[in-house]
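Here is a quick tour of a two-part model, taken one piece at a time. Have a look at the sequence and the fold before reading on.

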Amino acid sequence: MRNVKRPLLVAAVFYFFIAPFFFHPDIKIIYSLAGFLSQGVFNIYSYTAAHPIPAGSFVYPPLAYFVLGLLYPVINFLAGPGFASWLAMGNDAVDVAGIFRYLFLIKTPLILALLATGWTLSKISSRKEIPWIWFFNPLTIYAVGFMGQIDILPVMLTVLALVIAKPKPFLAALLLGLAAAFKTYPLLFLPFLALLSTTSLKRSALIFAAGIAPYLLFVAPFLATPAFYSDTLTSGLTQRVLQLALPLGYAENLYLVPVIMTMLFLVAGVLHRGQIHRLPSYFLAASLLPVVLSHFHPQWLLWSLPFIILRFEWLSLAVFFTSAMGTILLFPDKFLTWGLISPLNPQILFLPPFVNPLLQSLFHSVLVGVSLWISLCALFFSDRSSSS
Amino acid sequence: MRLILLGPFIVLVSSLLASLASRNRLDTEVPGSAYLPLAETRPFTFTPTHSGLNIILLRMKNPDLSDTSGFVFTISTATGQVLRQVNFSGRNIGDPSDIRLQFAPISDSVNQPLTLTTTSSSPSVKIENGFRAYYRTSGLSLNLAPLTRDPLFMVVWGLLVYGLIRILADPRFSR
């Protein structure tokens, strides 16, 4: 194992240092809803449908609810008596006495997951720059350190799945299924794991089933709940990927993301069948392209980031991060810009966001360009294995 | 390598400190404990301790964000003279949200009893029984108050970060 202690420690210092001072409402809303598990609420989807609350509905799959719900009592105990009240307040409730403590505590599990992911990446690749780039690139700092997004939890599981995919594909599939029970996107990886792990159709089907099983195990109790569909399955990425469409006339549209995913599937199944060393390339393309070809949430870029960094080349990375941050910082949402620092200066919430759709679109266009380039390079222009 | 790591760290700390800079400082805070319908609330009365009062922060709730009634906020003296008036709409009110009412600074607000009144025909909007009042300072200054409200946490956090830095500085990790 390469020496990853130093980047791990520097990252720990950095992320625990900044954790209390940056705020985004998403993590507050998630914990606010996850807290209902402590009150005996099993089906959060039907509960919020029947009892509308200002926090809204729980838009993640069930495992996110259960894991954060199990963490809630510990965090609530450490945070003190004002924590539950703060969670129930509005999105701009930053001018409270315990805000730094609350933010530190709710981000701690995510920081630990981030550190674990960096350690796992160091086991995949021998390049000593990789943990440094993972911990200190602007997207990771923004999505985990500033926003505190829970996407790092399924990301950690997908990277772990990549490590064990070659010796233990069934276990890797299981991990992907578990990750999908946090956020649905890892289901996109399952077909490629199944196709690249073996040339046997039967074995591929079994690997796929091994991945679907844990996901279905967690969602099965909620399949009869209408709110589960509207809150999770038909929200977020699943809706946005269908918005990039070419009209064909007669009320028919050509959806570009399914087109690209179909091509990816066929390339894997026809050209790269059984070549497990290509799995990182497919994890990269399958999680990057649907995201950049949509009006994405910033944290969605975390999904593909470990796999991009594993194949890093400085120019592509520089263009990728610049265009990604340019796109994100021009979203017309104060909580994605100076609102992040509101715990230190609550009045900053009253500043309007800087809006320039043309500039944002240009950044986004560059992001798509570099993402296509990175994906094509990963799939076709290098047969270099990055395993240690 | 240490200099390379130290540079961004200094930039980060400087940026955090810069974000504390503010022209408006807290004069008076009356913590709220409940949201009440407007008709059941009484006007707030307080005596500012600084000149230049220029912002009042109210916390209000607009259930389902449905109420678009008009609201009138006034600041008046003990004799009933209206010093400032701000009109706003239910469209500005979240569920809940802070309503920031900013007006031209009241230069002689120090030690002058003032009454804050919010009136409306709104049937559903509620207002918290508390408020925060801010005054305008002469220039930008660092407001370190947010860092002092939870001293126990700040100490624990500081010790954690210091401990990690000490481990990092251990020669065994510099190889």
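How much of the chain is helix and how much is strand over residues 151-169 of chain B, and how far apart are the end C-alpha atoms?

## The annotated stretch of chain B

Keep in mind that this is a predicted model. Over residues 151-169, chain B is 100% helix and 0% strand. From one end of that stretch to the other, the C-alpha atoms are 26 Å apart. An unreviewed UniProt entry annotates residues 151-169 of chain B as "transmembrane region".

## Chain B as a whole

Stepping back, chain B has 2 helices and 9 strands. Walk along the sequence and the pattern is α-β-β-β-β-β-β-β-β-β-α, with a helix at each end of the list.

As for packing, chain B has 175 residues, and 23% of them are buried. Take the contacts in chain B with a separation of 6 or more: 80% of those come from residues 24 or more positions apart.

## Where the chains touch

The contact between the chains draws on 26 residues from chain A and 25 residues from chain B. On the chain A side, the elements that give two or more residues are α1 (5-18) and α6 (99-124). The largest share there comes from α1(A), with 9 residues.

What about chemistry? The chain A side splits into 18 nonpolar, 4 polar and 4 charged residues.

## Two helices side by side in chain A

Now over to chain A, and to helix α11 (residues 190-197) and helix α15 (residues 256-271). Their axes come within 9 Å and cross at roughly 10°. With an angle under 35 degrees, α11(A) and α15(A) therefore count as roughly parallel to each other. Their crossing is left-handed.

Which residues of α11(A) and α15(A) make the contact? From α11(A) come Pro191(A), Phe192(A), Leu195(A) and Leu196(A), while α15(A) puts in Phe265(A), Ala268(A) and Gly269(A). By class, this contact has 6 nonpolar residues, 1 polar and no charged ones.

## One residue of α15

Helix α15 of chain A also holds Val270(A). Is Val270(A) buried or exposed? Val270(A) has 9 C-beta neighbours inside 10 Å, so it counts as exposed, given that the cut-off for exposed is 12 or fewer.

For a sense of distance, compare Val270(A) with Ser122(A): the two are 148 residues apart in sequence, and their C-alpha atoms are 31 Å apart in space.

Technical notes
Residues are numbered from 1 along each chain as its sequence is written. Chains are lettered from A and ligands numbered from 1 in the order in which they are written. This is a predicted model: local features need pLDDT of at least 70, side-chain atom pairs count only at pLDDT 80 or more; totals for chains, interfaces and linings use all residues. UniProt positions are given in the numbering used here, feature names are shortened, and annotations may be inferred rather than shown by experiment. Helices (H or I, at least four residues) and strands (E, at least two) are DSSP runs, numbered from the N terminus. Two residues are in contact if their C-beta atoms, placed from the backbone, lie within 7 Å. Ala, Val, Leu, Ile, Met, Phe, Trp, Tyr, Cys and Pro count as nonpolar, Asp, Glu, Lys and Arg as charged, and the others, Gly among them, as polar. Axes are lines fitted to C-alpha atoms, for helices over the stretch in contact, and angles run from 0 to 180 degrees between N-to-C directions. Angles under 35 degrees count as roughly parallel, over 145 as roughly antiparallel, 65 to 115 as roughly perpendicular and the rest as oblique. A crossing is left-handed if the near helix is turned anticlockwise from the far one by less than a right angle, and right-handed if clockwise. A residue is buried if 20 or more other C-beta atoms lie within 10 Å of its own, exposed if 12 or fewer, and partly exposed in between; C-beta atoms are placed from the backbone.
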